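Here is a short briefing to read alongside the structure. Please keep the viewer open as you go through the points.

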Amino acid sequence: MNHLLYKEFRLAAHPTLNIFLWMGALILIPSYPYTTVFIFGCFAPLITLQNGRENHDAFYTATLPVKKSQVVKGKFSLFITTQIGQLFLTLPFTIIRITQIPIKNTVGIAPNLTYYAAGLLVFTLFNFFFFTEFYKTAYKIGKAFIKGMVPALLIAVLTETISHIPKLAWLNSLNKTDLRLQLPIFLFAVLFFIAGNILAFKISKESFEKVDL
């Protein structure tokens with residue numbers, strides 16, 4: 001599996017994937033809808049798989065001495081690794097934003113635990129609807145991207161909206177007491193990310209097994 005993941009990073013990953021990894025720098029903008037960081041991250045699978053389609057990557061990988069299920073596993077490993085990496089790479093910018101630019105985000109959510117929970121939800125829903133649709137053919141990517149992006153955008157918009165609701169102010173707070181209240185939401189999002197991606201992988205794998213390359 002390590003060799004297959006190495007192949008994905010070296011041969012399949014589109015160069016723009018590295019740019020999406022560092023989108024967390026947008027958190028340094030004082031007033032900005034920070035959930036767009038994760039929405040941008042959803043473009044990495046689109047561009048990489050679109051590039052792979054033109055280069056017959058799925059067919060090439062399937063001709064290697066690996067099972068078809070491992071072809072799907074390799075792609076999932078690539079994108080989940082980069083998504084988790086993107087989440088972690090936002091942390092330095094979040095620390096700088098909070099400590100050096102302590103200005104309230106008038107546009108939307110603050111970079112707190114609610115924000116990171118939203119990021120996990122965005123990635124999970126996108127992955128589930130995108131990959132389960134894409135691997136029905138391993139070719140048609142437009143419909144898959146739309147199906148994945150719609151729920152991802154809904155979560156992003158909802159997250160930015162709650163910051164303007166007075167009764168939900170604790171979800172938009174960086175206060176220690178409020179952060180403790182946000183922690184269960186974040187932990188739920190972590191479990192949701194794990195379970196959702198496992199389920200998405202199983203469904204995608206079963207669909208890809210039926211595809212005639």
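The notes below go through the internal spaces, then some helices, then a few single residues.

This is a predicted model. A search of the whole structure turns up one cavity of 30 Å³ or more, and the largest pocket holds about 240 Å³ of space. Helices α4 and α6 come up in both settings: they are among the elements giving two or more residues to the lining of the largest cavity, and each supplies at least two residues of the lining of the largest pocket.

**The largest cavity**

- The volume of the largest cavity is about 70 Å³.
- Its lining is made up of Leu17, Phe20, Leu21, Gly41, Ala44, Pro45, Phe79, Thr82, Gln83 and Gln86.
- Three elements give two or more residues to this lining: α2 (16-21), α4 (43-54) and α6 (68-100).
- Helix α6 has the largest share, with four residues.
- By residue type, the lining of the largest cavity has six nonpolar and four polar residues, and no charged ones.

**The largest pocket**

- The largest pocket has 16 lining residues, and those nearest its centre are Arg53, Asp57, Ala58, Phe59 and Ala138.
- At least two lining residues come from each of α4, α5 (57-62) and α6.
- Charged residues do appear here: the lining of the largest pocket divides into ten nonpolar, three polar and three charged residues.
- Ala138, one of the residues nearest the pocket centre, sits in the loop between α7 (113-134) and α8.
- Ala138 has a relative accessible area of 11%, so this residue counts as buried.
- The backbone at Ala138 also deserves a look, with a positive phi near 60° in a residue other than glycine. For context, most residues other than glycine have a negative phi.

**Helix α4 and what comes just after**

- Helix α4 has twelve residues, and its first and last C-alpha atoms lie 17 Å apart, close to the 16 Å expected at 1.5 Å a residue.
- The buried residues in α4 are Ala44, Pro45, Leu46, Thr48, Leu49 and Gly52. Ala44 and Pro45 can also be found in the lining of the largest cavity.
- Just after α4, His56 has a positive phi of about 55°.

**Helix α7**

- How many of the 22 residues of α7 are buried? The count is 18, so the helix is largely enclosed by the rest of the structure.
- The end C-alpha atoms of α7 are 31 Å apart, which agrees with the 32 Å that its 22 residues should span at 1.5 Å a residue.
- At the start of α7, Asn112 places a side-chain oxygen within 3.1 Å of the backbone nitrogen of Thr114.

**Two buried residues with a hydroxyl-topic theme: Thr90 and Ser207**

- Thr90 belongs to helix α6, and with a relative accessible area of 0% this residue is buried.
- The side chains of Thr90 and Tyr116 make a polar contact at 2.8 Å.
- Beyond residues up to four places away in sequence, Thr90 touches Gly24, Ile27, Val37 and Tyr116.
- Ser207 is part of helix α9 (residues 176-209).
- Because its relative accessibility is 18%, and buried means under 20%, Ser207 counts as buried.
- Setting aside neighbours within four places in sequence, Ser207 is in contact with Thr132, Tyr135 and Lys136.

**Two partly exposed residues: Lys147 and Tyr60**

- Lys147 lies in helix α8 (residues 142-162) and counts as partly exposed at 33% relative accessibility.
- Which residues does Lys147 touch, not counting those up to four places away in sequence? They are Phe129 and Glu133, and with Glu133 there is a side-chain to side-chain polar contact at 3.1 Å.
- From Lys147 to Glu160 the separation is 13 residues in sequence and 21 Å in space, C-alpha to C-alpha.
- Tyr60 is found in helix α5, where its relative accessibility of 39% makes it partly exposed.
- Leaving aside neighbours within four places in sequence, Tyr60 is in contact with Lys7 and Leu11.
- Tyr60 and Leu89 are 29 residues apart in sequence, and their C-alpha atoms are 32 Å apart in space.

Notes
Residues numbered from 1 in each chain as written. Predicted model: local features only at pLDDT ≥ 70, side-chain atom pairs only at ≥ 80, totals over all residues. Heavy atoms only, no water. 1 Å grid on protein atoms, 1.4 Å probe; cavity = no way out; pocket = protein on both sides within 12 Å on 5 of 7 lines; lining within 4 Å. Points joined across faces, edges and corners; volume = space filled by probe spheres on them. Nonpolar A, V, L, I, M, F, W, Y, C, P; charged D, E, K, R; others polar. Buried < 20%, exposed > 50% of the residue type's maximum accessible area, 1.4 Å probe, protein only. Contact = heavy atoms within 4.5 Å. Polar contact = N/O pair within 3.5 Å; in protein donor to acceptor, adjacent residues only side chain to side chain. Expected span 1.5 Å × (residues − 1).
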